[in-house]
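Hi,

Here is the structure I promised to pass on. Have a look at it first, and then read my notes below.

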Amino acid sequence: MKALSLPNFEELLESIQDGFVVVDKTLRYVYLNKKAEEIIGIPIEKLLGKRFTDKFPDHNLNLVDLLKIVEQTWIERKNATLEIYFKPQKRWYYLIIYPFKDMYSVIFRDITAEKQIRDDLQSSKKQLDLLFRNISDGVVIQDPTGKFVYVNNAAVEMSKFPNEKSMLSLTDVGLPGHYFLLDEEGIALSWEDAPGRQVLFGGKESAEKVLCVVDKETREEIWLDVKSAKIFVSPDKVPHVMSIFHNVTVLKKLERQKDNFLSLVSHELKTPLTSMKAYLDILQKQSKHIHDAKTATIISRVKSDTDKLIELVHSLLDISRIQEGKLQIVKHKFSLASLLKEVTEDIQPITHHPIQVNYSKTSSVNADRDKVAQVLVNLLTNAIKYSPEEKPIILQAKANEHEVVISVKDFGTGISQKEQKKIFNRFYQSARYATFPGLGLGLYISSEIVRMHNGKIWVKSTEGKGSTFYFSLPYHKSK
Ligand code: ADP
């Protein structure tokens, strides 16, 4: 085999991007490459035969220690590495010292910037640890087997382990013996569905859930907003799971109090409002005989406001029924086509938007007719509310083998991607439309009604172009 021809040895040393010097046993320069000259900042001819201390009398290095290290390399015939701070230049250097015949060769490199980054990292790591340790949210990190490898103070407190050490030696397998979980609807939640385990063993990159942890013995409840995500831990970048637990117990209790209050108020309001409406009907009839136009206008306004109030109370009652699991669905077979026609005929007179109805012949569905009408009215009134008057609204029904999908399309404001995730939540209203009347209940109630029919509700929307809301109703399976 032919040997590779190497360039001249000195040429090679000159080409390297690190400082390279050779010093004799008394630490006097014998050789310096160009880079070394550049780093030291003094011409080579002024350095050769001199010690570096001759040129920097105010240096900060401990020469006795340095000499010991250097001599050691010679005794052991082994290189030494060190990082030094060189005060005259205010710079950090990384040095590798090799014993070479009866001399030493030294390779050195300016690592000031690198050192700065390392120090900053180290200090942010310390700050982060301090922060994690003392925040009121629980923070834990689990290794791939589920063993806790990091827990902060709040996590230890929430877990009721006596201390950090006792928690660190364990996995979470013992927890189901002491606690059970509930989801937001108060339904039992399997530990496998908890966010941490979903990421650990369920193949998810991240997961989050609000859940209630109930102590089996004391029945004490803690509501937690849990967020878990995969993280990669150095040095081997092994996937671990980090979970953050935000205690929302107080918030949940307040929410429950608010629900109870709303339920109570709406129940109490229902009867007087219904009788008010009946009396107003009578008054309206009577006012026709007295031919007093002003009174008639006032009565008609009060009546329309009472209708709005009754509608609101009905929504609030629906909400409490949903909360208490008492919303009743009474299913029977009916023609969807006739319902679509009926709802459109009811709504068209109160809007200038042309409502276009478009449905293929759909077979009858088995559902709660009034409740499906409620969903349709809600979607249509939203389409009216959030789109300009002259734009059409398209109501469509399309059937396939298993279900019928009903859609309401408008050409209005549209909904941002971010908001699309929230609009089916209770009391969600876009801040952008603070001027539109409403409470943010319609879509929540609609989604619950659709869910109770084993159907789905969803939206496709582009901001500024419009929205299409869809809901599906599975077919009645006649046997
Ligand atoms: P409300 O209309 O009373 O505020 P909803 O639950 O019906 O309550 O709707 C919730 C939110 O969803 C609305 O506040 C609005 O921001 C958004 N939204 C619903 N329908 C539409 C639509 N067709 N176009 C644009 N935004 C809509």
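**What I found**

Between the centres of domain 1 and domain 3, taken over C-alpha atoms, there are 92 Å. Keep in mind that this is a predicted model.

To get your bearings, start with how the protein is divided: domain 1 covers 10-110, domain 2 covers 115-247, domain 3 covers 253-324 and domain 4 covers 332-474.

Now the helices. Find helix H11 (residues 249-290) and helix H12 (residues 293-323), which pack with their axes 8 Å apart at an angle of about 150°. An angle over 145 degrees counts as roughly antiparallel, so H11 is roughly antiparallel to H12. The crossing that H11 makes as it passes H12 is left-handed. As for who takes part, the residues in the contact of H11 with H12 are 14 nonpolar, nine polar and six charged.

Next, the core. Which residues of the largest nonpolar core touch the most other members? They are Leu336, Leu376, Ile406 and Phe471, out of 44 residues in that core. Helix H14 (residues 369-385) supplies the largest share, eight residues. Where does this core lie? Domain 3 (253-324) and domain 4 (332-474) both give residues to the core, so it lies between them.

Leu336 is also a handy way to reach Ala397, a residue in strand E16 (residues 393-399). Ala397 and Leu336 are 61 residues apart in sequence, and their C-alpha atoms are 8.6 Å apart in space. Is Ala397 buried or exposed? Its relative accessible area is 1%, and buried means under 20%, so Ala397 is buried.

Ile406, another residue of that core, can be paired with Asn62 for a look across the model. Asn62 and Ile406 are 344 residues apart in sequence and 84 Å apart in space, C-alpha to C-alpha. You will find Asn62 in the loop between helix H4 (52-55) and H5. With a relative accessible area of 44%, Asn62 is partly exposed.

Follow H5 to its other side and you come to Arg77, which sits in the loop between helix H5 (63-76) and strand E3 (80-86). What should you look at here? The phi of Arg77 is near 50°, which is a positive value in a residue other than glycine. Arg77 has 48% relative accessibility and counts as partly exposed.

Lys90 makes a good companion to look at. It is in the loop between E3 and strand E4 (91-100), and its phi, near 55°, is again a positive value in a residue other than glycine. How is Lys90 classed for accessibility? Exposed means over 50%, so Lys90, at 61% relative accessibility, counts as exposed.

One last stop is Ile231, which has its place in strand E11 (residues 221-233). At 25% relative accessibility, Ile231 counts as partly exposed. How many residues separate Ile231 and Met242 in sequence? The answer is eleven, and in space the two are 6.6 Å apart, C-alpha to C-alpha.

If you want a route through the model, try the pair H11 and H12, then the core with Leu336 and Ile406, and then the two loop residues with positive phi, Arg77 and Lys90.

Cheers

Conventions:
Residues are numbered from 1 along each chain as its sequence is written. This is a predicted model: local features need pLDDT of at least 70, side-chain atom pairs count only at pLDDT 80 or more; totals for chains, interfaces and linings use all residues. Side-chain values use heavy atoms; hydrogens and water are left out. Axes are lines fitted to C-alpha atoms, for helices over the stretch in contact, and angles run from 0 to 180 degrees between N-to-C directions. Helices (H or I, at least four residues) and strands (E, at least two) are DSSP runs, numbered from the N terminus. Angles under 35 degrees count as roughly parallel, over 145 as roughly antiparallel, 65 to 115 as roughly perpendicular and the rest as oblique. A crossing is left-handed if the near helix is turned anticlockwise from the far one by less than a right angle, and right-handed if clockwise. Ala, Val, Leu, Ile, Met, Phe, Trp, Tyr, Cys and Pro count as nonpolar, Asp, Glu, Lys and Arg as charged, and the others, Gly among them, as polar. A nonpolar core is a set of buried Ala, Val, Leu, Ile, Met, Phe, Trp, Tyr and Cys residues joined through side-chain atoms within 4.5 Å. Buried means under 20% relative accessible area, exposed over 50%, partly exposed in between (1.4 Å probe, protein chains only). Domain bounds come from an automatic or database domain assignment.
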